[in-house]
Amino acid sequence: MNRSACLIFNPVAGQGNPELELDQIRALLEPTIDLDIYFTTEEIDADQLAQAAVERGVEEIIVSGGDGTLSAAAAAVINTNIPFGIISRGTANAFAAALNIPNTIVAACETILEGKTRTVDIAYCNDRPMVLLVGIGFEAGAVEKADREAKNRFGMIAYILAGIQELQNLQKFAVEIETEDKIVRTIASAVTVANAAPPTSVLAQGPAGIIFDDGLLDLTIVAPDNKAGAIAATFHLLQSASTGTATERDDIGYLRSKQFKITTDPPQKIVIDGEIVGTTPVEINCLPGGLRIFVPSVEEEIVTEKLEGLPHLNVEIKHSDE
């Protein structure tokens, strides 16, 4: 045994049996890795445990839980070059899906044991670390409605039910989006800025694929006229995700940039990596190569074009040199 790691385990994540899942993880990893195991509690979050592990000088950090647990722990290892292992046991498991990490315990442990790593981008949203995405407007409302009780009862369906419920209260807002070289003003119901996002994060799927190590952030604007338009736009974004092609609807726009400053009128709730954290305005900046993660030995190559488009969306664009 020549490897050691801190394992941070969330015992209330997902809908499985945490004792059996921890036993399975230990049976798979401990023959090769000396595990120092810590549990999250209501008082002690994953970011505190991970930060303490970094300060102790650990060789590796492995985290098992839902997306919130994984995202919180990842914040502590940004720019440390400490390998970060992901064992997803949550409701959505978007973290693993977005970074091409297997979402079963066996396959995730095998990935960690193989020892291959790669660096991926991280972002900061209002100085808060962001691995996946920030949602403004509709998505934030839907996430807020999918509380822990609903997720425990319905699993992934809780998000779908929350989305349907949020459609009944579809709101539009004025939004101003500032990049390094332009300012965009329009009316929207949802704005999503993604560093990484799985296909199931539908409202992030405006561009032709989201690349998590290109040094850029992907912004999608959704501006449907009514509930029927919102449903049609969502279905179109789902198709875009499955085919890897950029969206082509009049009520959806997208941009790629290293940074965004977003203001809305009225202020809108924001969700970062699945957690409601406040309201607009927000500033989001990409930190290229900020996180080193364990990845499968054979990864699917993803080839996309870096497209930028606001096709027919009713926007006002002002370039910085004007």
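This is a guided tour of the structure, with one selection to make at each stop.

**The whole chain**

Begin with everything displayed, and keep in mind that this is a predicted model. The protein has nine helices and 17 strands, and buried residues make up 52% of its 322 residues. Its accessible surface comes to about 14,600 Å², and carbon and sulfur atoms account for 49% of that area. If you count contacts between residues at least 6 apart in sequence, 74% of them join residues at least 24 apart.

**Helix α2**

Select residues 46-56, which form helix α2, and highlight A46, L49, A50, A53 and V54, the buried residues of this helix. These residues lie on the same side of α2, because they cover an arc of only 140 degrees around the axis. To see what covers them, add β1 (3-9), β2 (33-39), β3 (61-65) and α3 (67-76), which are included in that cover. Then step to G57, just after α2, where the backbone takes a positive phi of about 85 degrees.

**Helix α5**

Move on to residues 105-114, helix α5, in which I105, A108, C109, T111 and I112 are buried. Here the arc around the axis is only 155 degrees, so these residues too are found on the same side of their helix, α5. The cover over the buried residues of α5 includes β1, α1 (18-29), β2, β3, β4 (84-88) and β16 (282-294), so it is useful to display those elements together with the helix. Just after α5 comes G115, which has a positive phi of about 80 degrees.

**The six-stranded sheet**

Next, select the strands of an open sheet of six, which follow the order β12-β11-β10-β7-β14-β15 with antiparallel pairing. Which strands stand at the edges of this sheet? They are β12 (252-257) and β15 (275-279), and each has a single partner strand, so one side of each is left without a neighbour in the sheet. When you turn the view, note that neighbouring strands of this sheet are turned by 20 degrees against each other on average, with direction ignored.

At one edge, select β11 (residues 217-222) together with β12, and you will find that the two pair in the antiparallel sense over six bridges. Within this pair, L219 stands opposite L255 in β12.

At the other edge, select β14 (residues 269-272) with β15, a pair that is antiparallel over four bridges. I270 has G278 in β15 as its bridge partner. The strands β14 and β15 form a hairpin with two residues between them, and in the turn D273 has a positive phi of about 50 degrees.

**A loop residue, T179**

For the last stop, select T179, which sits in the loop between β8 (173-178) and β9 (182-188). Is this loop residue buried or exposed? T179 is buried, because its relative accessible area is 10%, which falls under the 20% limit used for that term. Show the side chains of T179 and D181, and you can follow the polar contact of 2.9 Å that joins them. Once neighbours within four places in sequence are left aside, T179 is in contact with S257, Q259 and F260. The first residue named there, S257, brings you back to the edge of the sheet, since β12 covers residues 252-257.

Methods: Residues are numbered from 1 along each chain as its sequence is written. This is a predicted model: local features need pLDDT of at least 70, side-chain atom pairs count only at pLDDT 80 or more; totals for chains, interfaces and linings use all residues. Side-chain values use heavy atoms; hydrogens and water are left out. Buried means under 20% relative accessible area, exposed over 50%, partly exposed in between (1.4 Å probe, protein chains only). The arc is that of the directions from the helix axis to the C-beta atoms. Contact means heavy atoms within 4.5 Å. Accessible areas come from the Shrake-Rupley method with a 1.4 Å probe; for residues, only the protein chains shown count as cover. Two strands pair if DSSP finds at least two bridges between them. Axes are lines fitted to C-alpha atoms, for helices over the stretch in contact, and angles run from 0 to 180 degrees between N-to-C directions. A polar contact is a pair of N or O atoms within 3.5 Å; within protein, one must be able to donate a hydrogen and the other to accept it, and residues adjacent in sequence count only if both atoms are side-chain atoms.
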